[in-house]
Amino acid sequence: MSLPTAAQIYAAIEATWPAAAIHRVGPLAIRDGQGGGKRVSAATAEAPFTAEGIATAEAELARLDQTPLFWIRAGDEALDTALAAQGYDIIDPVTLYAIPTDQIAQTPPRVSTFLMPEPLAIMAEIWAEGGIGPARLAVMARAAQPQTMVLGRSQDRPVGAGFAALHDGIAMVHALEVRASGRRQGAARHMMQALGGWAQQQGAAHVALAVTEANAPANALYSALGMAVVGRYHYRIKKSETP
C-alpha cells in the first residue's frame, strides 16, 4: 500500500490539530492559536506572495499578540528564501512519519492501555508535565471527529497519554507523552499499537504523526515501529524572537 504524501499529512494536521481561527491576508493564512503551540499559531503561504505580504502577515500576527512565525512546508521554498533574507531563523525542524494501519494495529498487553472519548484528570497531569497544558487540550477538543484519547500504564501505574483524530483516511497521532518515570518500559509502543487498533476499527488506511528532529528517542521509536518518513517541515521565526 502506498503511503500518504506530505501534502495529505499537512491537511490531516490542520484538521486534527486545528487553530481557533484562520485569518486570510492576501496570499497568506494567519492562524489564531490562542496558546496552542506553533502549528496553530503560524502563518503559511496559500498563493504567490510579495515581501509586502510578509510585512502584512507580521502585522496581523502582532494584532493577535503572536510571535512572527511561519510554517514552511514542501513547496514553500520561495517563502522560505524570502524569510531568510528578512532575518528569520529556522526553528524546530519536524519529520513526518506514516505507516499502513494494518502494520501497526496490534493488541497491546492486557491493561497496558485504555482508550476513551474524554481525557481523565491523570492524563491532563501527565500532559502538563510534558508542557501540554490547557491551551493544547482546547485544540484537542475542537479537532475533527472521530477522535480518541489513550491512557498508557506500566507497572500498575498511569504513565502516558496520547490523542488521535481521523481525517481523510489518516489517523493522526498527537501529544503522545510518557512520564519520565515510565519511559523505556514499552508504554509509548503499547499506546501506538492501541491507537493503531482504534484507527483500524475506524477504517483508516494509515496512522501518521509529526515529531521534531531533536526528539531522538521518539524518532528511534517510530522507526523501530516500522513507520516511514514521508515528509518534513520547519518554522521560520524572527531572529529577535528566537529562544
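Two strands count as paired if DSSP finds at least two bridges between them; strands (E, at least two residues) and helices (H or I, at least four) are DSSP runs, numbered from the N terminus. The model here is predicted: local features need pLDDT of at least 70, side-chain atom pairs count only at pLDDT 80 or more, and totals for chains, interfaces and linings use all residues. Residues are numbered from 1 along each chain as its sequence is written, and side-chain values use heavy atoms, with hydrogens and water left out.

**Exercise 1.** Find the partners of strand β9 and say how each one runs.

*Solution.* Start with β8 (residues 157-167): 7 bridges join it to β9, and the two run antiparallel. Here Ala164 sits opposite Val173. The pair makes a hairpin with 2 residues between the strands, and Asp168 in that turn has a positive phi of about 50°. Now go to β10 (residues 206-212), which pairs with β9 in the parallel sense over 4 bridges. In this pair, Met172 faces Ala208. To get from β9 to β10, the chain passes through helix α7 (residues 187-201), a right-handed β-α-β crossover (with the strands pointing away from the viewer, the path from the first strand over the helix to the second runs clockwise).

**Exercise 2.** Is β9 buried or exposed?

*Solution.* First, the cut-offs: buried means under 20% relative accessible area, exposed over 50%, and partly exposed in between (1.4 Å probe, protein chains only). Next, check residues 170-178: 9 of the 9 are buried, so β9 is largely enclosed by the rest of the structure.
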